[in-house]
Amino acid sequence: MSESVVTRFAPSPTGYLHIGGARTALFNWLLARQTGGKMLLRIEDTDRERSTDAAIGAIIDGMKWLGLEWDDEVIYQFSRAQRHREVVEEMLARGAAYKCYASAQELDHMREKARAEGRPPRYDGRWRDLSGSPEEEAAIAEGRKPVVRLKAPRDGETIIDDKVQGKVTFPNKDLDDLVLLRSDGNPTYMLAVVVDDHDMGVTQIVRGDDHLTNAARQTHIYQAMGWTAPDWAHIPLIHGPDGAKMSKRHGALGVDAYRAMGYLPDALRNYLARLGWSQGDREFFSTQELIEAFSLAQVHRSPARFDFAKLENMNGHFLRAMPDDALLAQLIASLPYLPGGPELAEKLDDHKTAQLASALPGLKERAKTLIELLDGAQFLFAERPLSYDDKATQILNPEGRAHLAALAPRLDALPDWKAAEAEAVVRAYVAESGAKLGQVAQPLRAALTGRSTSPGIFDVLETLGREESLGRIVDASA
């Protein structure tokens, strides 16, 4: 795709930005950035009862966190209702639409009859050619409020040349005259989408394949108005690792939930790109590499399978590859969203920030998520006397405490409190005592962190500093 495109992401603000919507937004964003085009954001808020400001905020916040910045101002569909009605009036004038006065009872009867005859239940077009007729005059006299329907083609086929699904054919006899304007004067989703996409200059629509039939119906609206339809690309939905429809247990959560689980936006963006799209066996892409490599031709037709284990491994890769200063900034920015993060944020003064920065190289080697990273850093924020987990308690047996008591004055005598000097003292003590290094280092680790695992213990000594380290060692040896 060489020429620039205009894509759009058009979520309904009736909930959070779910993971499938985030992938759709990403694919649209990649296409736009690849061609130097635009990705527009449209909030489809015509369902006034279910659309909320909180949901709109969650969508916008999730997009920004993922790094999927859109172009131009956000467009709110409800604010364009008058424009939608104007298009319907034009279609009525063209004879491409008509007013339908069928009652709810008549519609129910049509559906029941169709089912009884083994046909799909749909509107039978009975008001299609009754404009200006005595029947219409009688309906108006009765005070009936009509809907406005599209006069869709009945013969032939509608062909969607889809960039992912290939050529898809719909017999027009299977597509009834859809409602454009409800009896209360409000436009329907099907109409509003087409008018907005046309007015926004959208050239490429990328969305879930559950909208494929909609593409055929919307094509009829484009044809009725004499407009050029955009290119279509309908991507498969995301399934769970077992192949079943995505549910919350599979990961059908909002993007905000993934932030709270400690995932990095770069990693989640990379993982979403790889859900249904591939370039050989390559797993990891920088943002620029994704932009350059992405192609709709490489999007699979079969549903992608979401796998938390793969996401976690990918996140660990990005976490370890991230420069320490950038990772520290990401961790601090994420504290309000992580379990226990707000409490730690209150303790994060300049001294603690410096300690965290010092410990980060060792911490990130053991972590796959920011939660694990933060959990590994708990020893920095612990207050004396420390509480010890079960394994640390077992390690701090009489023998372990004796080693700590012997080490304390030796460490205290160090002129420079550095990891290398501390290691030399500990190794010298090990050689003199005849103990093994683990028999000394493990009690030291338990005393300093309250746990049996931590970053390198000599690095921990240096990070905590002389006073805090010796205080914890003395506490544990008592």
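Trainee: What makes β4 and strand β5 count as a pair?

Mentor: The structure is a predicted model, and in it β4 and strand β5 (residues 147-150) are joined by four bridges, in the antiparallel sense. Two strands pair if there are at least two bridges between them, so four bridges satisfy the rule. One of the partnerships links tyrosine 98 with arginine 149 in β5.

Trainee: Which strands are called edge strands in the open sheet β4-β5-β8, and why?

Mentor: The order of the three strands is β4-β5-β8, with antiparallel pairing. β4 (97-100) and β8 (179-181) are the edge strands, as each pairs on one side only. Neighbouring strands of this sheet are turned against each other by 45° on average, direction ignored.

Trainee: Valine 179 is in strand β8. What makes valine 179 buried, partly exposed or exposed?

Mentor: The relative accessibility of valine 179 is 23%. Buried means under 20% and exposed means over 50%, so at 23% valine 179 counts as partly exposed. Leaving out residues up to four places away in sequence, valine 179 touches Val147, Val148, Arg149 and Thr188. Lysine 151 is 28 residues from valine 179 in sequence, and the C-alpha atoms of the two are 9.7 Å apart.

Trainee: How do you know that strand β2 and β3 are paired?

Mentor: Strand β2 (residues 38-43) and β3 share two bridges, in the parallel sense. The rule asks for at least two, so two bridges are enough. Arginine 42 stands opposite isoleucine 75 in β3. This pair belongs to an open sheet of three strands in the order β1-β2-β3, where the pairing is parallel. β1 (6-9) and β3 (75-76) are the edge strands there, each pairing on one side only. Helix α2 (residues 53-65) packs on the sheet and touches β1, β2 and β3. The direction of α2 makes about 160° with that of β2.

Trainee: What is unusual about the phi of aspartate 72?

Mentor: Aspartate 72 lies in the loop between α2 and β3. The phi of aspartate 72 is positive, about 65°, although the residue is not a glycine. Most residues other than glycine have a negative phi. Aspartate 72 has a relative accessible area of 48%; exposed means over 50%, so the residue is partly exposed.

Trainee: Why is helix α6 called largely enclosed?

Mentor: In helix α6 (residues 189-199), eight of the eleven residues are buried, so the rest of the structure largely encloses the helix. Buried here means under 20% relative accessible area. The buried residues are Met190, Leu191, Ala192, Val193, Val194, Val195, Asp196 and Asp197. These buried residues pack against β1, β2, α3 (81-94), β8, β9 (204-208) and α7 (212-225). Glycine 201, which follows α6, has a positive phi, near 70°.

Trainee: Helix α19 and helix α21 cross. Why is α19 called oblique to α21?

Mentor: The axes of helix α19 (residues 419-433) and helix α21 (residues 457-464) come within 8 Å and cross at roughly 125°. An angle of 65 to 115 degrees would be roughly perpendicular, and one over 145 roughly antiparallel. Neither range holds 125°, so α19 is oblique to α21. The crossing of α19 past α21 is right-handed. Ala419, Ala422, Glu423 and Val426 in α19 meet Phe458, Asp459, Leu461 and Glu462 in α21. By class, this contact has five nonpolar, no polar and three charged residues.

Trainee: How do you know whether α9 and α11 are oblique or perpendicular?

Mentor: Helix α9 (residues 265-274) and helix α11 (residues 308-321) pack at about 135°, with their axes 9 Å apart. Since roughly perpendicular ends at 115 degrees and roughly antiparallel begins over 145, α9 and α11 are therefore oblique. The crossing of α9 and α11 is right-handed. Asp266, Ala267, Leu268, Asn270 and Tyr271 in α9 meet Lys310, Leu311, Met314, Asn315 and Phe318 in α11. These residues divide into six nonpolar, two polar and two charged.

Trainee: Is the peptide bond from arginine 384 to proline 385 cis or trans, and what is the omega?

Mentor: The bond is cis, with omega near -5°. Most peptide bonds are trans. Proline 385 is in the loop between α16 (378-381) and α17 (390-395).

Key
Residues numbered from 1 in each chain as written. Predicted model: local features only at pLDDT ≥ 70, side-chain atom pairs only at ≥ 80, totals over all residues. Heavy atoms only, no water. Axes fitted to C-alpha atoms, helices over the stretch in contact; angles between N-to-C directions. Parallel < 35°, antiparallel > 145°, perpendicular 65-115°, else oblique. Left-handed = near helix turned anticlockwise from the far one by under 90°. Contact = heavy atoms within 4.5 Å. Nonpolar A, V, L, I, M, F, W, Y, C, P; charged D, E, K, R; others polar. Buried < 20%, exposed > 50% of the residue type's maximum accessible area, 1.4 Å probe, protein only.
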